[in-house]
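User: Could you take a close look at one helix and the way its neighbours pack against it? I'm new to this, so please explain the terms as you go.

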Amino acid sequence: MAEQERMLEAILFATADPVTLRDIEQRMPHGCDAGEAMIHLRRRYEGRGVEVVKVGDAYAMRTAADLGYLMQKETVEVRKLSRAAIETLAIIAYHQPTTRAEIEEIRGVSVSRGTLDQLLELDWIRFGRRKMTPGRPVTFVVTQEFLAHFGLESPRDLPGLKELRSAGLLENRPAFGAMPTLGTEDEDEPEPTEGQSELFED
């Protein structure tokens, strides 16, 4: 039986996929009892770093479940946003809820589906309520994931023009069209239109 265990161990070690007892017996010499040998082999591997596990009606050697963390490797993948995606994200953040047509009007160019898909995939924007205008266009708003990534409690914490200019992110000239003025530069900010106050619709 000890020799049968050795043969069984060799087969399992060299086979990447789980193997059934029938397949094992076909490899072993005539008269061997693969089922009995498997019982002894599994008992011998109990508590070891590698165990013999049953997968369906087959068997395989696998790393012990409690040691799986040793096999993990974590990597940070840096995904750079395109200029179009950054501009689109900024417009949505400052003007939400906003439609695709409104984004295009502010940017002055059309917005590709891929740009919005990328931001949706990152879970930085989501669909808001449909606008009560002809065609009922869908709107976009930023998500809690976006706020968490940039350390913001709410969209109202986004920097205003004054902060952006002082940080060197904007030139000292009026920004594009309807960029809102938050923080200390809100004296001339227009009253929000109906529905604009709900930044996160259900």
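Analyst: **A helix and its crossings**

Let's start with α4, which passes α6 in a right-handed crossing (the near helix is turned clockwise from the far one; anticlockwise by less than a right angle would be left-handed). Keep in mind that this is a predicted model, where local features need pLDDT of at least 70 and side-chain atom pairs count only at 80 or more, while totals for chains, interfaces and linings use all residues. Residues are numbered from 1 along each chain as its sequence is written, and side-chain values use heavy atoms, leaving out hydrogens and water.

Helix α4 covers residues 83–95 and α6 covers residues 113–121 (helices are DSSP runs of H or I, at least four residues, and strands are runs of E, at least two, numbered from the N terminus). Their axes come within 10 Å and cross at roughly 65° (axes are lines fitted to C-alpha atoms, for helices over the stretch in contact, with angles from 0 to 180 degrees between N-to-C directions). That puts α4 roughly perpendicular to α6 (65 to 115 degrees; under 35 is roughly parallel, over 145 roughly antiparallel, the rest oblique). On the α4 side, A84, A85, T88, L89 and I92 make the contact, and they meet T115, L116, Q118 and L119 of α6 (contact means heavy atoms within 4.5 Å). Sort those residues by class and you get six nonpolar, three polar and no charged ones (Ala, Val, Leu, Ile, Met, Phe, Trp, Tyr, Cys and Pro are nonpolar; Asp, Glu, Lys and Arg are charged; the others, Gly among them, are polar).

Helix α4 also packs with α5, residues 100–107, at an angle of about 115° with the axes 10 Å apart. So α4 and α5 are roughly perpendicular to each other, and their crossing is right-handed. Here A84, E87, T88, I91, I92 and H95 of α4 meet I103, I106 and R107 of α5. This contact holds five nonpolar, two polar and two charged residues. Notice that A84, T88 and I92 turn up in the contacts with both α6 and α5.

Now for H95, which sits in α4. H95 has a relative accessible area of 15%, so it counts as buried (buried is under 20%, exposed over 50% and partly exposed in between, using a 1.4 Å probe and protein chains only). In sequence, H95 and P155 are 60 residues apart, but their C-alpha atoms are 9.8 Å apart in space.

After α4 comes a loop leading to β4 (98–99), and P97 lies in that loop. A cis peptide bond links Q96 to P97, with omega at about -5°.

On the other side of α6, the loop running to β5 (125–130) holds D123. Phi of D123 is near 60°, a positive value in a residue that isn't glycine. With 38% relative accessibility, D123 is partly exposed. R136 has a positive phi too, near 45°, and again isn't glycine. You'll find R136 in the loop between β5 and β6 (138–142), partly exposed at 40%.

For another helix pair, look at α1 and α3 (residues 34–44), whose axes come within 9 Å and cross at roughly 75°. These two helices are therefore roughly perpendicular as well. Q4, E5, L8, E9 and L12 of α1 touch A34, A37, M38, H40, L41 and R44 of α3, a mix of six nonpolar, two polar and three charged residues. E5 lies in α1 (residues 2–14) and is buried, at 11%. Leaving aside residues up to four places away in sequence, E5 touches A37, H40, L41 and R44. R6, also in α1, is exposed at 52%. The C-alpha atoms of R6 and A37 are 9.0 Å apart, though 31 residues separate them along the chain.

Finally, the wider view: the protein chain has eight helices and six strands, in the order α-β-α-α-β-β-α-β-α-α-β-β-α-α. Of its 202 residues, 31% are buried.
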